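This report looks at how the interior of a single model is packed and where charged side chains pair within it. The structure is shown first, and the discussion follows.

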Amino acid sequence: MLIIVQSSPTVQRHHLVIDSLDNIVAEGTIVEVGVDSSSQTVHGVPLAAENIRVSVSKCLVENALLPVPIRDEIVFVSDAIGTCVAWPKDWVIPATAVGNAKQAPRKYGRKKTKQWVDTDKDDDDLEHLPADLPPALLSLSKWGNEFLKDRATIHTKLSKDLFGTERKIALFRSDLFAFTNVQEVAGDTIVMYMSFLREKLKESNMLNMIGFVDPSSLGVGNSTDRSRSFSAALKRGKPGQFFLVPYNTGKHWILSVVSPSEELVYFMDPMKRRMDVTTDEWRTIVNQYGIPEQIGDKSCGYFIMLYMREIVQDKEQNWTKKWLTRGDEKYTMQDVDVVRQEWAEYVLKFTSN
């Protein structure tokens, strides 16, 4: 499909607001595209009829969250500088209109459709918690119930030591709710556990043995962009180093362990499905029959974290032989709770940010 961008002799500056007219978080311009909004996508995500495509030129509130984030890659307004994002039409205000409105203030609201309620992330119940939660997760959930309101987040910036570039993280109330109730986990949830595992590698002097690839780098852009991002990540590796690569295929997490020097990939699917991969980077797939199969239909993310945990704990890096010979060993809910406890303990360190 050919998309024609309509140019204009005069580019009008707009203020990008959130919730109300006086909450201006960025400046930008509207990008008109000669296609109905229902057929448009922004970074591979449908634009939706209630949104408009804008090019963000200036960030006024660095830690402001985008009203329509792009997966786990473009979350804050500051992430969107120089690129296009979707923004609610009612919240894109001509700069002249904002100036005139100061004499007669009025609130620019937006009807909360079901889609918008989902992105508000404030409706998840952290007061009535499941029984027998790991202690740290119980403490974190109680903290979140009190403080994660009005789209507040647990946020931080992870150093470039993890993925080669700095990585912003934002955990919402909904992320704590999902982790508390063993529901589907988001990419930032897994990235936080990867950061925790890297600290364990550092303690064990194993940083030269295992590296990590950001799952969000494989989910934004076209296939060429993702391939370049993946290749760049692997070039950071040292001889003999493995890379842990979580990837969400669409509502399902899988893990690949990549050895660039051996041109080998160990493919680990908690549902034990076979997968054919023909890209140049991934030349050989080894189906690990010994990896425990997930329990239920929402636990794949937790099993991915357990797989990574076992690999990181193996100081001799003999995990391939162990998993090929251990047969139908199962993870239990007690194993999942070990990961949930470690994750919560780590996240609690960032609640003062």
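Is Asp188 buried or exposed? In this predicted model, Asp188 has a relative accessible area of 2%, and because buried means under 20%, Asp188 counts as buried. The side chain of Asp188 meets that of Arg167 in a salt bridge, with a distance of 2.9 Å from N to O. This pair links distant parts of the chain, since Arg167 belongs to strand β11 (residues 167-171) and Asp188 to helix α6 (residues 187-203), the two residues being 21 residues apart. Arg167 is likewise counted as buried, at 5% relative accessibility.

**Salt bridges**

The structure holds eight salt bridges, and the table sets out three of them, including the pair just described.

| Salt bridge | N to O distance |
|---|---|
| Arg167 and Asp188 | 2.9 Å |
| Arg309 and Glu342 | 3.0 Å |
| Asp337 and Arg340 | 2.8 Å |

The bridge between Arg309 and Glu342 joins helix α8 to helix α10 (residues 333-348), so that parts of the chain lying 33 residues apart in sequence are tied together. Both of these partners, Arg309 and Glu342, are buried. The bridge between Asp337 and Arg340 has another setting, in that both residues lie in helix α10, three residues apart, and are therefore separated by about one helical turn. Asp337 and Arg340 are both buried as well. Through salt bridges that share partners, Arg167, Asp188 and Asp214 are joined into one network.

**Nonpolar cores**

The largest nonpolar core comprises 54 residues, and within this core the residues with the most contacts are Leu244, Val257, Met308 and Trp343. Helix α8 (residues 300-313) supplies the largest share of the core, namely 10 residues. A second core, separate from the one just described, has 19 residues, among them Leu16, Ala64, Ile74 and Val77.

The surroundings of Leu244 can be set out in more detail. When neighbours within four places in sequence are left aside, Leu244 is in contact with Met194, with Ile210, Gly211, Phe212 and Val213, with Leu255, Ser256 and Val257, and with Met308, Ile311 and Val312. Two of these partners, Val257 and Met308, are themselves named with Leu244 among the residues that have the most contacts inside the largest core.

Helix α8 thus enters both parts of this account, as the source of the largest share of the largest core and as the location of Arg309, whose partner Glu342 lies in helix α10.

Note on methods:
Residues numbered from 1 in each chain as written. Predicted model: local features only at pLDDT ≥ 70, side-chain atom pairs only at ≥ 80, totals over all residues. Heavy atoms only, no water. Core = buried A, V, L, I, M, F, W, Y, C linked by side-chain atoms within 4.5 Å. Buried < 20%, exposed > 50% of the residue type's maximum accessible area, 1.4 Å probe, protein only. Helix = DSSP H or I, 4+ residues; strand = E, 2+ residues; numbered from the N terminus. Contact = heavy atoms within 4.5 Å. Salt bridge = Lys/Arg side-chain N within 4 Å of Asp/Glu carboxyl O.
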